[in-house]
Amino acid sequence: ELERYLSKGGFPAHLADEPSEGLRRQIREDIAGRAIERDLFVAGSGDRVMERLDVDRLRQLFVYLAQDSGAIFNAVDRAADLGAHRATVAAWLQLLDDACLVHRIWPYSPPKGAHLPKAKGRLAAKPKVYVSEHGLIPAFVLYAFPMREEEVRKRVFETVVLRHILDLVESRDEVFYYRRGDDLEIDFGTGLNERKITWAQTD
């Protein structure tokens, strides 16, 4: 049961379905075709940002985020990949976040003498971006048998852990990650109060 949950996610509509290429294709169509191309666009119709929205490139951005769930997001690199302005890519990411298709968590960088990061200190930092449902990862990666790939399994498991941590906090802003250079990274931390931080490592 755990393997089935990891492989296909927790979508209620597919509760009784077995993991398969057909199911992966259906999830891709539901997200790329319905959630992005139809619902997201229609919900923002009349909005000036949405009037200029390039749905194809927004979908490309989401596919990248699904395939690389949990990676540190670099707006400059993604803008170059998509042939778009950095500010435009940042706006697209915000749309996906607002639609609850992705979650962003920010690095832990406390000001001197403090235990919790302040929003001001995180504005220029790079977030880690996760898809909101771990079943999207095997659905969008390019492997025939995605869960046999160690890197895919790691991303799925890390995204599952975040999903369940978010159930325990009042706001996504309470969850962050820690990274020091290239030699130390802790996946998740949460400040339950100003005197204590709880860390979680998924490896």
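Contact here means heavy atoms within 4.5 Å. With that in hand, here is a first look at the chain, which is a predicted model. Among contacts between residues at least 6 apart in sequence, 56% join residues at least 24 apart. The protein chain has nine helices and six strands, and buried residues make up 43% of its 203 residues.

Let's start with the strands, and with strand 2 in particular. Strand 2 covers residues 102–107, and six of its six residues are buried, so the rest of the structure largely encloses it. On one side of the bookkeeping, strand 2 is joined to strand 3 by four bridges, and the two run antiparallel. You can pick out individual partners here: H103 stands opposite Y130 in strand 3, and R104 has V129 in strand 3 as its bridge partner. Strand 2 also pairs with strand 4 (residues 175–180), this time in the parallel sense and over two bridges. To find that pairing in the viewer, look for W106, whose bridge partner in strand 4 is F176.

Now follow strand 3 itself, residues 128–131. Its side chains split two ways: K128 and Y130 point one way, while V129 and V131 point the other way. Whichever way they point, all four of these residues are buried, the lysine K128 included. Strand 3 has another partner in strand 1 (residues 71–72), and those two pair in the antiparallel sense over two bridges. K128 turns up again in this pairing, because I72 is the residue that stands opposite K128.

Strand 4 is worth a stop of its own, and V175 is a good residue to click on. V175 sits in strand 4, and its relative accessibility is 1%, so it counts as buried, the cut-off being under 20%. Which residues does V175 touch, leaving aside those up to four places away in sequence? The list is I105, W106, L162, I165, L166, V169, F188 and G189. Two of those names, I105 and W106, take you back to strand 2. V175 and W106 are 69 residues apart in sequence, yet their C-alpha atoms are 7.6 Å apart in space.

On to the helices, where helix 6 (86–98) makes a handy reference point. Take helix 4 (residues 55–67) beside it: the axes of helix 4 and helix 6 come within 10 Å and cross at roughly 70°. That angle falls between 65 and 115 degrees, so helix 4 is roughly perpendicular to helix 6. As for handedness, the crossing of helix 4 and helix 6 is right-handed. Helix 4 brings R57, L58, L61, F62 and L65 to the contact, and helix 6 answers with V89, W92, L93 and L96. Sorted by class, this contact has eight nonpolar residues, no polar ones and one charged residue.

Helix 6 also packs with helix 5 (residues 75–82), at an angle of about 100° and with the axes 8 Å apart. Helix 5 and helix 6 are therefore roughly perpendicular to each other as well. From helix 5, the residues that meet helix 6 are A75, V76, R78, A79 and L82. On the helix 6 side they meet R86, V89 and W92. By class, the contact of helix 5 with helix 6 has six nonpolar, no polar and two charged residues. If V89 and W92 look familiar, that's fair: both are also part of the contact with helix 4.

R86 deserves a closer look. Is R86, a residue of helix 6, buried or exposed? R86 is exposed, since its relative accessible area is 53% and the cut-off is over 50%. Even so, R86 touches A75, V76 and A79, not counting residues up to four places away in sequence. R86 and A75 are 11 residues apart in sequence and 5.8 Å apart in space, C-alpha to C-alpha.

To finish, step off helix 6 towards strand 2. The loop between helix 6 and strand 2 holds C100. The backbone is what catches the eye here: phi of C100 is near 60°, a positive value in a residue other than glycine. C100 has a relative accessible area of 45%, so it counts as partly exposed. From there the chain leads back into strand 2, residues 102–107, where this walk through the strands began.

Notes
Residues numbered from 1 in each chain as written. Predicted model: local features only at pLDDT ≥ 70, side-chain atom pairs only at ≥ 80, totals over all residues. Heavy atoms only, no water. Buried < 20%, exposed > 50% of the residue type's maximum accessible area, 1.4 Å probe, protein only. Pairing = 2+ DSSP bridges. Axes fitted to C-alpha atoms, helices over the stretch in contact; angles between N-to-C directions. Parallel < 35°, antiparallel > 145°, perpendicular 65-115°, else oblique. Left-handed = near helix turned anticlockwise from the far one by under 90°. Nonpolar A, V, L, I, M, F, W, Y, C, P; charged D, E, K, R; others polar.
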